[in-house]
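Here are my notes on this model, set out point by point. Please read them with the structure open beside you.

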Amino acid sequence: MTYADMILRDGEIITLDPHHTVAEALAIKDGRVLETGSSSEVSRLAGPDTRVIDLDGRAVTPGFISTHDHFLEHGIAAEFVSDVRYPRAKNLRDIASIIAERVAKTEKGRWILAAGWDETLLEEHRLPNRFDLDPVSPENPVWIRRVFEMGVANSRALKEAGIDRDTPDPPLGKIDRDEDGEPTGILRGRAMDLVLRTIPPWTLEEREQAIRRACRDFLAQGITSVIEPGILMPQLQAYRSLHQKGELTVRIFVQYGFLHDVEEVREAIRRIKVGGDDMLRVIGLKFALDGGVGPRTALMYDPYEGQPENRGVQLIEGETLKEMTRVGHEAGFQVAIHAIGDRAIDIAVDAYRYAQESYPRSDPRHQIVHCYFPSEKTLRQIEELGVLVNTQTPFLYWLGDSFLEAIGPERCARCIPIKTLLQRGIAVGNSHDATVTPPKPPIGLNASVARKTIKGEKIGAEEAVTPLQALTTYTTLAARHAFMEDKIGSLEKGKYADIAVWNKNPLKVEPEGLKSLEVEMTLVEGVIRYSNKGGEKGA
Ligand SMILES: [Zn+2]
């Protein structure tokens, strides 16, 4: 008789198998699901060394799979970049004291980074300047990013970047100056590059530390697999190094990039191959075709509200994109193209059709990343070509108000149309695009079901889906994006025991209640990697 290593019993196990079975208990052996069923059936697999966990009615789902989160960047931000967002910093003194705290813990001469101020929310209602920062940081260069568009440097940072009263404004950038012509520390647009290129790159050890941090943060949210988009060799090496030490505890599927032209794609496929193991694998290449809705840079057929000339930006020319896609496609990579506006999505779909016609390949699983405004006609093509939609419903919640402002409620009615996509059988994966929005699946589930912005405005209410459908975009359907549907995404015999235990059953709470779902325990391959009680972590 084979005994289980662990049994979870007396709960609601949402297996997400093809029949959407909800079981009472689940047994784990060698990191995989051994059995699901009633508590009495599964308890027969308990041997003398089996660990039995009483779920006490709690709900269990497969570990969540996030199809687009900048995992390493999240770790860097969490570990090394101080948060000066409101309300953590309510005024400029608060910002200075947050910097002072960091200075006290940092060697002289090392850079101190922070991010997130928005002067419209600060008591002083003015931009910070280097004189606000210099008193607390005489011997460390300091660079603080605003929410977007600009940053502020202290005097030491300006000096290291070689910026003084004689430095001309670079193209597309501006160095703010006082009445005497002295730089104030505020750098806008491309002028930020003057400082950014002076900051030394993160070391391997720092990147490993960031990945460890991201593993902890994502596991605490029930996320056990992530597609990591847009990393290059130094970042990939940090993942490989940490994995070799056995410290990578979240499954990482890499889309290598960003790549900007055909030569970069050729260079990439010379350097890396598709492959790896089930914890770390290279699957794709990442290109970016347009910008975002809030900043009004997503490529649209129709102009933005109040800006009749502005239809967004196209970052890669159509013929170039086709060729880049074909080269990656022929080399066996999944191609993932960032395309948000309706026009950008059409150009991306054209590239996929071109690649497939030039070199037919079965099931390449190319993705439209974001895919916020697909037209009806394009949806048919996406379906025909088997293209996957890798989207982010958390944007509806966190950024929906800026979407409504940029293009109005009528066009927003079809924004992220997941109901339509699912009805057409398109594999929709959900995610957060961290660090743009926080990696919190409860917000993603809520946004998919409630379709409300953070201010409570409705956004495309007709595209609302059921909680069960919302769950599939983080599990069974998301697994297809990583080519892992045979191993993860549902709790069925033989699949990995990647599991999240929740405080409430997501299928039984009201849409608003989804927001307060919390993870109590997360397992990866049968090992407890997170517990809100602490002290239970497996080796
Ligand atoms: Zn992204």
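1. Zinc spacing. Along the chain, the donors of the zinc ion follow the pattern H-x1-H-x362-D. Histidine 68 sits in the loop between strand S8 (64–66) and H2, and aspartate 433 in the loop between strand S22 (428–429) and helix H15 (441–450), so this pair ties together parts that are 365 residues apart in sequence. Keep in mind that this is a predicted model.

2. Zinc donors. Which atoms hold the ion on the protein side? They are His68 (NE2), His70 (NE2) and Asp433 (OD). Their distances from the zinc ion are 2.1 to 2.2 Å. Are histidine 68 and aspartate 433 buried or exposed? Histidine 68 is buried, and aspartate 433 is buried too.

3. Serine 448. Helix H15, which follows the loop of aspartate 433, contains serine 448. The relative accessible area of serine 448 is 0%. Buried means under 20%, so serine 448 counts as buried. What does serine 448 touch, leaving out residues up to four places away in sequence? The contacts are Thr393, Ile418, Asn430, Glu463, Ala464, Val465 and Ala470.

4. The six-stranded sheet. This sheet is open, with mixed pairing. Its strand order is S9-S10-S11-S12-S14-S13. Strands S9 (81–83) and S13 stand at the edges with a single partner strand each, so one side of each has no neighbour in the sheet. On average, neighbouring strands here are turned by 25° against each other, direction ignored.

5. Helices on that sheet. Helix H2 (residues 71–80) lies across S9 and strand S10 (112–117). Its direction is at about 70° to S9. Helix H3 (residues 92–104) lies across S9, S10 and strand S11 (142–146). The angle between H3 and S10 is about 155°. H2 also links back to the metal site: histidine 68 is in the loop between S8 and H2.

6. Strand S14. Is S14 enclosed or open? Five of the seven residues of S14 (residues 183–189) are buried, so the strand is largely enclosed by the rest of the structure. S14 is joined to strand S12 (residues 150–153) by three bridges, and the two run antiparallel. There, methionine 150 stands opposite arginine 188. S14 is joined to strand S13 (residues 173–177) by four bridges, again antiparallel. On that side, arginine 177 is opposite proline 183.

7. The S13–S14 hairpin. How many residues lie between the strands of this hairpin? There are five. Among the residues of the hairpin, glycine 181 takes a positive phi near 85°. Check this backbone value if you rebuild the loop.

8. Strand S18. S18 (280–288) is mostly covered, with nine of its nine residues buried. With strand S16 (residues 251–257), S18 pairs in the parallel sense over six bridges. Glycine 257 is opposite lysine 286 in that pairing. S18 is also joined to strand S19 (residues 334–339) by five bridges, and the two run parallel. Here alanine 288 stands opposite histidine 338.

9. The antiparallel partner of S18. Strand S17 (residues 275–276) pairs with S18 in the antiparallel sense over two bridges. Glycine 275 has valine 282 as its bridge partner in S18. What joins S17 to S18? The link is a hairpin of three residues.

10. Glutamate 309. This residue is in the loop between S18 and helix H10 (318–330). Its relative accessibility is 74%, so glutamate 309 counts as exposed. The C-alpha atoms of glutamate 309 and lysine 493 are separated by 57 Å, and the two residues are 184 residues apart along the chain.

11. Cavities. How many cavities of 30 Å³ or more are there? The count is two. The largest cavity has a volume of about 50 Å³. Its lining consists of Tyr352, Gln356, Pro364, Arg365, His366, Leu385, Gly386 and Val387.

Conventions:
Residues numbered from 1 in each chain as written. Predicted model: local features only at pLDDT ≥ 70, side-chain atom pairs only at ≥ 80, totals over all residues. Heavy atoms only, no water. Buried < 20%, exposed > 50% of the residue type's maximum accessible area, 1.4 Å probe, protein only. Pairing = 2+ DSSP bridges. Axes fitted to C-alpha atoms, helices over the stretch in contact; angles between N-to-C directions. Contact = heavy atoms within 4.5 Å. Donors = N, O, S within 2.8 Å, 3.2 Å for Na, K, Ca; no water. 1 Å grid on protein atoms, 1.4 Å probe; cavity = no way out; pocket = protein on both sides within 12 Å on 5 of 7 lines; lining within 4 Å. Points joined across faces, edges and corners; volume = space filled by probe spheres on them.
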